[in-house]
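This briefing goes through one chain by topic. Please keep the sequence and the 3D view at hand while reading.

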Amino acid sequence: MSRVGKKLVTVPNGVEINIAGTKVDVKGPKGQLSINLPDAITIKKNEDGTYSLDRATEETKNKALHGLSRSLVANMVKGVTDGYSKTLEIVGTGYKVTAKGNDLEFALGYSHPVLFPAPAGISFKVESPTRFQILGIDKQAVGETAAKVRKLRKQDPYKGKGIRFDNEVIRRKAGKAGK
């Protein structure tokens, strides 16, 4: 049995899970998320209020889907209760970020400012001109948005300039060796 798949999904107060066939809807104080589980995976409510996921057969593919499905449902429960966030920081002379309504405007050394629109379900919080957070209830959407923002100015391995995750360590390369 999958170690992740056999763990129970605990549901805190204020969160309700509706199951309709393979569709699972999770509703909580921060919003609502839904997912369609694979046909080989079933979800049921236990007597103590927790939820368990089971698989139809012991095939390798179903074992992998079992753990994945359990993680997705648990992430949805955490998302509608607490939400997810990623903190990014900008390093570089003159590099900064400002909030323009729901969107972000970056000055990243280009000849023009770069405007990044907020995707659906995602909000931004600018803490300082060089630090900001990406907030949302969907873990995958928050991570994907963070990756897209990071691609606006990739990390330079020589000077360390660019957009990086908070507490990310960049391995620096040595420059030219002069005579």
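**Tyr-84 and its surroundings**

Leaving aside residues up to four places away in sequence, Tyr-84 touches Asn-75, Lys-78, Gly-79, Ile-134, Leu-135, Gly-136, Ile-137, Asp-138, Lys-139 and Val-142. The model is predicted. Tyr-84 is found in strand 6, and the points below go on from there to the chain, its helices, its hairpins and two exposed residues.

- Tyr-84 counts as buried because its relative accessibility is 13%, and the cut-off for buried is under 20%.
- The C-alpha atoms of Tyr-84 and Gly-136 are separated by 5.5 Å, although the two residues are 52 residues apart along the chain.
- One of the residues that Tyr-84 touches is Gly-79, which is itself among the buried residues of helix 1.
- Another contact of Tyr-84 is Val-142, a buried residue of helix 2.

**The chain as a whole**

- The secondary structure comes to two helices and 12 strands.
- In sequence order the elements follow the pattern β-β-β-β-β-α-β-β-β-β-β-β-α-β.
- The chain is more spread out than a compact globule, because its radius of gyration is 21 Å, well over the 16 Å that the globule rule gives for 179 residues.
- Along the principal axes, the C-alpha atoms fill a box of roughly 70 × 45 × 25 Å.
- Of the 179 residues, 35% count as buried.
- Among contacts in the chain with a separation of 6 or more, 51% are accounted for by residues 24 or more positions apart.
- The chain exposes about 11,100 Å², and carbon and sulfur atoms supply 49% of that area.

**Helix 1**

- Helix 1 covers residues 60-81; its 22 residues should span 32 Å at 1.5 Å a residue, and this agrees with the 33 Å between its end C-alpha atoms.
- The buried residues of helix 1 are Asn-62, Leu-65, His-66, Gly-67, Ser-69, Arg-70, Val-73, Ala-74, Met-76, Val-77, Gly-79 and Val-80.
- The cover over these buried residues includes strand 1 (16-20), strand 2 (23-28), strand 3 (31-36), strand 4 (41-45), strand 5 (51-55) and strand 6.
- Gly-83, just after helix 1, takes a positive phi of about 85°.

**Helix 2**

- Helix 2 covers residues 139-150; for its 12 residues a span of 16 Å is expected at 1.5 Å a residue, and the 17 Å between its end C-alpha atoms agrees.
- Four residues are listed as buried in helix 2: Val-142, Thr-145, Ala-146 and Val-149.
- Seen down the axis of helix 2, these buried residues fall within an arc of 100°, so they line one face of the helix.
- An α-helix has 3.6 residues a turn, so residues three or four places apart point the same way.
- The buried residues of helix 2 are covered by elements that include strand 6 (84-91), strand 8, strand 9, strand 10 (122-128), strand 11 (131-136) and strand 12 (162-165).
- Strand 6 is thus named in the cover of helix 1 and in the cover of helix 2.

**Hairpins**

- Strand 7 (residues 96-100) and strand 8 run antiparallel and are joined by five bridges.
- Within this pair, Thr-98 stands opposite Glu-105 in strand 8.
- The hairpin of strand 7 and strand 8 has two residues between the strands, and Gly-101 there takes a positive phi near 70°.
- Strand 10 and strand 11 also run antiparallel, with six bridges joining them.
- Ser-123 stands opposite Leu-135 in strand 11, and Leu-135 is one of the residues that Tyr-84 touches.
- The hairpin formed by strand 10 and strand 11 has two residues between the strands.

**Two exposed residues**

- Pro-113 is found in the loop between strand 8 (103-107) and strand 9 (114-116).
- Pro-113 counts as exposed because its relative accessible area is 52%, and the cut-off for exposed is over 50%.
- Not counting residues up to four places away in sequence, Pro-113 touches Glu-105 and Phe-106.
- Pro-113 and Val-97 are 16 residues apart along the chain, with their C-alpha atoms separated by 9.6 Å.
- Asn-167 is found in the segment after strand 12.
- Asn-167 is exposed, with a relative accessible area of 70%.
- Although Asn-167 is not a glycine, it has a positive phi of about 65°.

How values were computed. Residues numbered from 1 in each chain as written. Predicted model: local features only at pLDDT ≥ 70, side-chain atom pairs only at ≥ 80, totals over all residues. Heavy atoms only, no water. Buried < 20%, exposed > 50% of the residue type's maximum accessible area, 1.4 Å probe, protein only. Contact = heavy atoms within 4.5 Å. Expected span 1.5 Å × (residues − 1). Arc of directions from axis to C-beta. Pairing = 2+ DSSP bridges. Rg over C-alpha atoms; globule rule 2.2 N^0.38 Å. Areas by Shrake-Rupley, 256 points an atom, 1.4 Å probe, with all protein chains shown as cover.
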